[in-house]
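Please open the model in your viewer and keep the selection tool at hand. The stops below are arranged so that each selection leads to the next.

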Amino acid sequence: MTTVHVFGRDHINTDEIIPARHLTTDVESELARYAMEDYDKDFVKRVQPGDIIVAGADFGCGSSREHAVWALRGAGVAAVIAPNFARIYYRNSINNGFLALECDGIVQAFEDGDPADLNLTAGTITNTRTGQSLTFVPVPQFALDVQKAGGWLEYMKEHDQAALEAETLDAHSTQAGHGHPGQEEHHA
């Protein structure tokens, strides 16, 4: 069963997710021991693999550190659901294959310890104690593909490099000039 851990305050920053004093490693299992400790020192004792964090708005604000994603993932958290996320945390989540789901009203729909059913296909999360179901912002297929691969690096390894370049680098600035490979610009 998936359990929800509610951190209802807005603006939970990356120092609260993983305190800077513990940024001496990039090993998730090591970082996991300190996940959320400045907000709730007993969180890592309660969290189980597959659990979900429900949080207030602007989750992950502050420093740009992937460690904040790694610590939660290492602790077994399957997803964080909040009304919205700090941009850099959201992007770090996608790059690391971690689910950061945006859902209005999520904090009001759950109490700490409630059981939940997360359905990525339907785009819903249901509080199975109350029966209340909410719809979250659909996860872009690209983000799901990166998650399935286990992160951006793994995703890149699974895809043909030429196809990736065709998808992402087909712009005038990458086709010629300014030191980029491609057709040389001719000046009159």
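Helices (H or I, at least four residues) and strands (E, at least two) are here DSSP runs, numbered from the N terminus. The model is predicted, so local features are given only at pLDDT of at least 70 and side-chain atom pairs only at pLDDT 80 or more, while totals for chains, interfaces and linings use all residues. Residues are numbered from 1 along each chain as its sequence is written, and side-chain values use heavy atoms, with hydrogens and water left out.

**The whole chain**

Begin with everything displayed. The chain contains 10 helices and 7 strands. Of its 188 residues, 41% count as buried; buried means under 20% relative accessible area, exposed over 50%, and partly exposed in between (1.4 Å probe, protein chains only). The accessible surface comes to about 10,200 Å², and carbon and sulfur atoms account for 50% of that area. Accessible areas come from the Shrake-Rupley method with a 1.4 Å probe, and for residues only the protein chains shown count as cover. Contacts, which are heavy atoms within 4.5 Å, may also be sorted by separation: among those between residues at least 6 apart in sequence, 60% join residues at least 24 apart.

**Helix α7 and what follows it**

Select residues 141–149, which form α7. Which residues of α7 are buried? They are A143, V146 and A149. These residues cover an arc of only 125° around the axis, which puts them on the same side of α7; the arc is that of the directions from the helix axis to the C-beta atoms. An α-helix has 3.6 residues a turn, so residues three or four places apart point the same way. Turn to the other side of α7 to find Q141 and K148, both exposed. To see what covers the buried residues of α7, add α5 and α8 (152–158), which are included in that cover. Then step past the end of α7 to G150, whose phi is positive, near 100°.

**Helix α5**

Next, select residues 87–95, helix α5, where Y89, N92, S93 and I94 are buried. What do the buried residues of α5 pack against? Display α1, α4 (67–74), β3 (79–82), β4 (99–102) and α7 to see these partners. Just after α5, G97 takes a positive phi of about 70°.

**T14 in helix α1**

From α1, pick T14, which is found in that helix. T14 counts as buried because its relative accessibility is 1%. Its contacts, not counting residues up to four places away in sequence, are G60, C61, G62, S63, R65 and A68. Zoom in on S63: the side chain of T14 reaches the backbone oxygen of this residue at 3.1 Å.

**The salt bridges**

Now display charged side chains. The structure holds 10 salt bridges, a salt bridge being a side-chain nitrogen of Lys or Arg within 4 Å of a carboxyl oxygen of Asp or Glu. Select E37 and R21, which form one of them, with their closest N and O atoms 2.8 Å apart. This pair links distant parts of the chain, 16 residues apart: E37 is in the loop between α2 (28–32) and α3 (43–46), and R21 is in the loop between α1 (14–17) and α2. E37 is partly exposed, at 22% relative accessible area, whereas R21 counts as exposed at 51%.

Move on to R46 and D40, whose side chains meet in a salt bridge of 2.6 Å, N to O. Is D40 buried or exposed? D40 is buried, with a relative accessible area of 18%, while R46 counts as partly exposed at 33%.

The next pair is R129 and E111, which meet in a salt bridge at 3.7 Å, N to O. R129 lies in the loop between β6 (124–127) and β7 (133–135) and E111 in the loop between α6 (106–109) and β5 (115–119), so the pair ties together parts that are 18 residues apart in sequence. Add D38 to the view as well: salt bridges that share partners join R21, E37 and D38 into one network.

**Around R129**

Finish by centring on R129, which is partly exposed, with a relative accessible area of 47%. Leaving aside neighbours within four places in sequence, R129 is in contact with E111, D114 and P115. A polar contact of 2.6 Å joins the side chains of R129 and D114. A polar contact is a pair of N or O atoms within 3.5 Å; within protein, one must be able to donate a hydrogen and the other to accept it, and residues adjacent in sequence count only if both atoms are side-chain atoms. For a last distance, select F110: R129 and F110 are 19 residues apart in sequence and 9.1 Å apart in space, C-alpha to C-alpha.
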